[in-house]
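Subject: Structure for your review

Dear colleague,

Please find below the structure that I am handing over to you. My findings follow directly after it.

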Amino acid sequence: MTTEQDKATSLKDMKAFEKWRKSLQYITGLGMTEEEQKNFRGLMQKELEEYQCNKCEVWKENLLKNSPPVRFMVDELKKIKKEVTKDDFLCLPCDETRSGGFSPTAIILCYNRLPEKKMQEHTMVHEMVHMYDNTKFKVDWTNLKHQACSEIRAASLSGDCKWTREIRRGFFRFTKQHQECVKRRAVLSVQQNPNCSSKEEAERAVLSVFDSCFADTRPFDEIY
């Protein structure tokens with residue numbers, strides 16, 4: 001005769017098996033209707049986005065407190081009467097063309113495009129260089145040369161073009177790798193300006209201001 005303890009153990013085993021069966025069903029899709037599969041994919045995507053967004057928020061606060069280049073930019077912006085807090089950074093989803101963005105009202109951190117904390121640090125510094133330029137120099141973002149200058153400075157000073165990041169992107173040169181990376185990334189950004197009609201126009205804008213803007217490392221003493 002089955003004891004009460006045996007019954008409890010058997011029930012526990014059945015629940016564990018049922019949980020495993022459902023998990024396997026969700027993973028493989030076997031035995032699920034098309035509607036159930038669609039709902040499950042939506043649930044998984046929602047959970048992924050929540051995880052990515054929460055991670056972005058945690059990294060944001062940590063970097064604002066502990067990252068030397070981020071803290072430096074916060075202090076330099078304060079010197080030109082621009083107070084920066086965590087509320088100035090918004091963790092939002094973006095398309096595959098960007099990892100961040102700047103507007104006079106906020107800095108966007110693309111949580112679905114920032115898989116590493118170091119990459120988020122570079123993105124925050126990049127966008128804060130734009131904020132610095134916008135505050136100090138009153139950039140006209142509809143002017144391609146104005147934007148090109150700020151893009152050159154942001155790509156050069158933020159860490160975007162560090163050797164290790166370029167290698168991972170598949171770009172390698174023995175000479176002037178940093179300069180070539182800055183030009184390439186500035187052109188890509190200027191191309192996205194609604195007033196830019198072509199890659200060639202973006203290239204002309206970048207090349208026309210490159211030497212002077214690349215040499216301007218403010219507020220840094222040098223490229224870090």
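In this predicted model, helices α4 and α5 are oblique to each other, because their axes cross at roughly 140 degrees and an angle between 115 and 145 degrees falls into neither the perpendicular nor the antiparallel class. The two axes come within 8 Å, and α4 passes α5 in a right-handed crossing. On the α4 side, the contact is made by Val125, His126, Val129, His130, Tyr132, Asp133 and Phe137. Helix α5 contributes Ser150, Glu151, Arg153, Ala154, Ala155 and Leu157.

Helix α4 also packs against α3. The axes of this pair come within 9 Å and cross at roughly 15 degrees. Angles under 35 degrees count as roughly parallel, and α3 and α4 are therefore roughly parallel to each other. The crossing of α3 over α4 is left-handed. From α3, the residues in contact are Pro69, Val70, Met73, Val74, Glu76 and Leu77; from α4, they are Glu121, Met124, Val125, Met128, Val129, Met131 and Tyr132. Val125, Val129 and Tyr132 of α4 are listed in the contact with α3 and also in the contact with α5.

As to the overall layout, the protein has 8 helices and 3 strands. Read from the N terminus, the order of the elements is α-α-α-β-β-β-α-α-α-α-α. The chain has 224 residues, of which 38% are buried. Among contacts with a separation of 6 or more, 59% join residues that are 24 or more positions apart.

The largest nonpolar core holds 23 residues, and those touching the most other members are Val70, Met73, Phe89, Leu109, Met124 and Met128. Two or more residues each come from α2 (34-66), α3 (68-79), β1 (89-92), β3 (106-110), α4 (117-137) and α5 (144-157). Helix α4 provides the largest share, with 6 residues. Where does this core lie with respect to domain 1 and domain 2? Domain 1 (17-25 + 34-116) and domain 2 (139-223) both give residues to the core, so it lies between them.

Phe89, one of the core residues named above, may serve as a point of entry when you inspect this region. Beyond its neighbours within four places in sequence, Phe89 is in contact with Lys60, Leu64, Val84, Ile107, Leu109, Met124 and Met128. Apart from the largest core lies another one, of 18 residues, which include Cys161, Cys181, Ala205 and Val209.

Two further residues in the helices deserve a description. Glu127 is placed in helix α4. Is Glu127 buried or exposed? Its relative accessibility is 6%, and since buried means under 20%, Glu127 counts as buried. Outside its neighbours within four places in sequence, Glu127 is in contact with Gly100, Gly101, Phe102 and Ile107. The C-alpha atoms of Glu127 and Gly101 are 6.5 Å apart, although the two residues are separated by 26 residues in sequence.

His146 belongs to helix α5. With a relative accessible area of 36%, His146 is partly exposed. Setting aside neighbours within four places in sequence, His146 is in contact with Val139 and Asp140. Between the C-alpha atoms of His146 and Val190, which stand 44 residues apart along the chain, the separation is 9.8 Å.

Finally, I would draw your attention to some features of the backbone. Lys81, in the loop between α3 and β1, has a positive phi of about 70 degrees although it is not a glycine. Lys81 counts as exposed, at 76% relative accessibility. Lys138, in the loop between α4 and α5, also has a positive phi, here of about 55 degrees, without being a glycine. At 64% relative accessibility, Lys138 likewise counts as exposed. The peptide bond that joins Arg218 and Pro219 is cis, with an omega of about 5 degrees. Pro219 is located in the segment after α8 (199-215).

With kind regards

Key: Residues numbered from 1 in each chain as written. Predicted model: local features only at pLDDT ≥ 70, side-chain atom pairs only at ≥ 80, totals over all residues. Heavy atoms only, no water. Core = buried A, V, L, I, M, F, W, Y, C linked by side-chain atoms within 4.5 Å. Buried < 20%, exposed > 50% of the residue type's maximum accessible area, 1.4 Å probe, protein only. Helix = DSSP H or I, 4+ residues; strand = E, 2+ residues; numbered from the N terminus. Domains from an automatic or database assignment. Contact = heavy atoms within 4.5 Å. Axes fitted to C-alpha atoms, helices over the stretch in contact; angles between N-to-C directions. Parallel < 35°, antiparallel > 145°, perpendicular 65-115°, else oblique. Left-handed = near helix turned anticlockwise from the far one by under 90°.
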